[in-house]
Amino acid sequence: MSDDFVVVVTDRSPVLLPRLMIAPSTNFVTALVSGVTIGFRPPTAAVPQLLRDKNCSALSRMWALGSIDCLNDKPKAVTICLYSPLHQHTYGYPVLIAVLAAVSVVPLVVVARQFRRGHLIWDAGTAFILILGWAALIPVVLNKLSDDVMHSWNYWGELVEVPVPVDPRVQSALQYVIIGASLLLLWRSARNADTRRISLFGIAVIGTSFVAMAVDTSAYDSIIKGQPMVLLVVLAAASFATPSREGAITGGALFAISVCATGAFLGLYSPDKVFMPCRDKCSLAGELYMAATPHSNTLGLITAIGIPFVWLAFKGPARFWMLVYIGANLVITGSRTSMFAAAATLVVLALTNPTNTGEGLVGRRRALLTLGVVTSTAVAMILPFTGQPDAFATGRGYLWRIAVEQFEQTPFFGAGLTAWDRFYAAGEFGAAAAYSTHNQWLELMLLAGAVGAVIFALGWAILIFGGDDSRKFVVLPVLLTVALLSATERPLSIGLINTMTWVLVALVATSSEGRQDKGEQASASPRPNLSSRFTSTHNPSQFRTANPGITPTRAASRPTTRSEVAVAPVVYS
């Protein structure tokens with residue numbers, strides 16, 4: 001099939017056609033189509049405004065992916081353009097792939113050593129976050145390992161090449177795994193009062209989801225299509241049953257590292273499955289790196305948010321090398337938003353230096369962290385309502401205008417969880433923008449209205465201002481990166497399980513409080529001097545220990561062996 005396409009734009013809708021259907025074996029389109037405009041349509045949300053210009057030169061200047069030859073450069077009734085890709089996606093980076101794979105062995109060795117020395121905590125919360133993250137990526141990896149593809153027309157007339165979908169039974173099995181893990185956590189918490197916890201932010205997210213679900217019941221009619229119901233079960237487990245903040249921190253760091261490492265090893269198998277061609281941007285590697293994710297921007301989000309988790313989970317030389325590894329993967333994604341958020345987060349982390357001392361998280365200049373989160377949140381809330389042009393931020397202005405107009409029609413309870421999907425089905429934008437409005441707060445208002453957004457905002461405020469300093473030095477670094485990304489992305493979804501659900505669950509888990517937190521604050525007895533890398537300000541559950549040979553809980557105080565300590569954290573009951 002030819003890689004050359006033309007777009008036939010009528011007054012009603014654009015239609016993409018392969019060049020071979022119009023002029024086989026020619027380098028220029030020579031057909032005359034009366035009353036229509038033929039031109040190249042870039043796959044961005046800015047295309048409606050670009051096409052109204054009916055100017056081939058303007059299209060060529062604004063979208064320099066390939067060569068655009070125009071037979072008529074004037075905005076007359078008939079304008080004919082031909083788009084010829086440059087075929088710059090060569091998949092020819094064997095040295096880079098080899099380096100990535102070799103370097104990826106190092107963080108895996110470092111992680112193993114950190115666990116062996118007791119510097120990392122593994123508990124049920126760690127496993128829970130890894131399950132959530134990889135349940136969303138396993139279908140992606142399976143597709144990358146398969147060479148089967150199919151061609152289809154999307155809702156806006158784009159002929160796209162997509163992998164053959166994974167067997168629905170695999171998708172269903174992964175959903176059941178997520179539900180099973182959530183129920184195991186809840187059952188464990190019900191059996192042991194000392195492990196019961198509560199996150200007010202988690203309750204706020206559940207409330208926001210309920211508002212959006214109440215006005216749109218079509219989103220949860222089955223296990224596969226009913227991801228909002230599955231997400232509610234996940235949020236309940238995260239809000240009331242995650243064992244510790246430290247386990248959640250470890251889970252977030254390990255997920256980001258494992259995604260990068262898996263992508264490097266996939267590259268050895270087939271480089272074209274981990275790189276994607278440049279479009280409106282390129283990375284330092286030339287092409288855009290997506291590793292084990294479906295898109296380079298997805299990897300950018302995962303690695304950017306993974307940076308505060310890595311900072312909190314490691315210290316000393318291990319922290320430095322892990323940050324270098326995650327940062328290198330981020331840079332070759334070409335994701336400018338994620339790189340900016342990561343760089344700003346690293347600066348603030350360097351100035352505040354949140355570190356675990358064995359008695360809890362401590363740091364300095366906490367006010368700087370708070371100020372960064374508050375300022376970033378305010379910018380993200382206001383930006384979509386500032387009347388930006390449609391082409392702003394690679395077409396985000398156009399997406400925001402659509403969402404704002406819908407919000408004005410359904411201001412109180414929103415348009416429901418599938419509102420954005422309905423816009424995509426109507427052909428308002430292309431596949432690149434189908435997953436979100438590209439603004440966290442605008443999406444909340446679109447789906448759940450002012451009521452849902454206010455509930456979420458209350459939970460957000462609790463994340464910023466609630467708890468003691470130890471909790472804030474855990475929550476605020478992660479929240480800062482999320483807040484920075486929220487202006488032009490949607491890192492937290494209230495409607496489905498996706499590749500970023502692990503971030504939402506980690507925020508809920510790290511903001512949770514348990515009876516052990518309160519009991520310790522009221523207790524006058526001194527704490528033992530524990531040597532673990534992660535000893536929280538609240539008593540660890542019976543499934544973790546900070547000192548080999550001691551289980552520091554009221555419920556289980558018998559001496560244990562080192563081997564028992566190593567195995568116990570992965571047990572859910």
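A residue is termed buried under 20% relative accessible area, exposed over 50%, and partly exposed in between. The legends below use these terms for a predicted model.

**Figure 1. Asn353, a residue with positive phi in a loop of the predicted model.** The loop that holds Asn353 runs between α11 (336–352) and β11 (355–356). Phi of Asn353 is near 50°, and the residue is not a glycine. With a relative accessible area of 27%, Asn353 is partly exposed, because that value falls between the limits of 20% and 50%.

**Figure 2. Thr394, a residue with positive phi in a helix.** Thr394 belongs to helix α13, which comprises residues 392–409. Its phi is near 50°, a positive value in a residue other than glycine. The relative accessibility of Thr394 is 40%, so this residue counts as partly exposed.

**Figure 3. Phe392 and Trp400, a tilted aromatic pair.** The structure holds 15 aromatic pairs. In the pair formed by Phe392 and Trp400, the distance is 5.8 Å centre to centre, with 50° between the planes. The angle makes the pair tilted, because planes under 30 degrees apart would count as stacked and those over 60 as edge-to-face. The two partners differ in cover: Phe392 is partly exposed, with a relative accessible area of 28%, whereas Trp400 is buried, at 1%.

**Figure 4. Tyr424 and Phe429, a stacked aromatic pair.** The ring centres of Tyr424 and Phe429 lie 6.1 Å apart, and their planes meet at 15°, so the pair is stacked. Tyr424 has a relative accessible area of 15% and is buried. Phe429 is also buried, with a value of 1%.

**Figure 5. A cluster of aromatic rings.** Four residues are shown here: Trp134, Phe255, Phe309 and Trp502. Ring pairs link them into a cluster.

**Figure 6. Helix α9 and its kink at Ile307.** Helix α9 comprises residues 296–313, 18 residues in total. At 1.5 Å a residue, the helix should span 26 Å, and its end C-alpha atoms are 25 Å apart, which agrees. A kink of about 30° lies at Ile307, shortly before the proline Pro308. The helix is mostly covered, as 17 of its 18 residues are buried.

**Figure 7. Asp123 and its side-chain contacts.** Asp123 is located in the loop between α3 (94–116) and α4 (124–145). Its relative accessibility is 1%, so Asp123 counts as buried. The side chain of Asp123 makes a polar contact of 2.5 Å with the side chain of Ser244. A polar atom of the Asp123 side chain also lies 2.9 Å from the backbone nitrogen of Gly125.

**Figure 8. The whole chain, as context for the close-up views.** The chain has 573 residues, of which buried residues make up 57%. It contains 19 helices and 13 strands. Among contacts in the chain with a separation of 6 or more, 70% join residues 24 or more positions apart. The chain exposes about 23300 Å², and carbon and sulfur atoms supply 64% of this area.

Note on methods
Residues are numbered from 1 along each chain as its sequence is written. This is a predicted model: local features need pLDDT of at least 70, side-chain atom pairs count only at pLDDT 80 or more; totals for chains, interfaces and linings use all residues. Side-chain values use heavy atoms; hydrogens and water are left out. Helices (H or I, at least four residues) and strands (E, at least two) are DSSP runs, numbered from the N terminus. Buried means under 20% relative accessible area, exposed over 50%, partly exposed in between (1.4 Å probe, protein chains only). A polar contact is a pair of N or O atoms within 3.5 Å; within protein, one must be able to donate a hydrogen and the other to accept it, and residues adjacent in sequence count only if both atoms are side-chain atoms. The expected span of a helix is 1.5 Å times one less than its number of residues. The bend at a residue is the angle between axes fitted to the seven residues ending there and the seven starting there. Contact means heavy atoms within 4.5 Å. Accessible areas come from the Shrake-Rupley method with a 1.4 Å probe; for residues, only the protein chains shown count as cover. Rings of Phe, Tyr and Trp (its six-membered ring) pair if their centres lie within 6.5 Å; planes under 30 degrees apart count as stacked, over 60 as edge-to-face and the rest as tilted.
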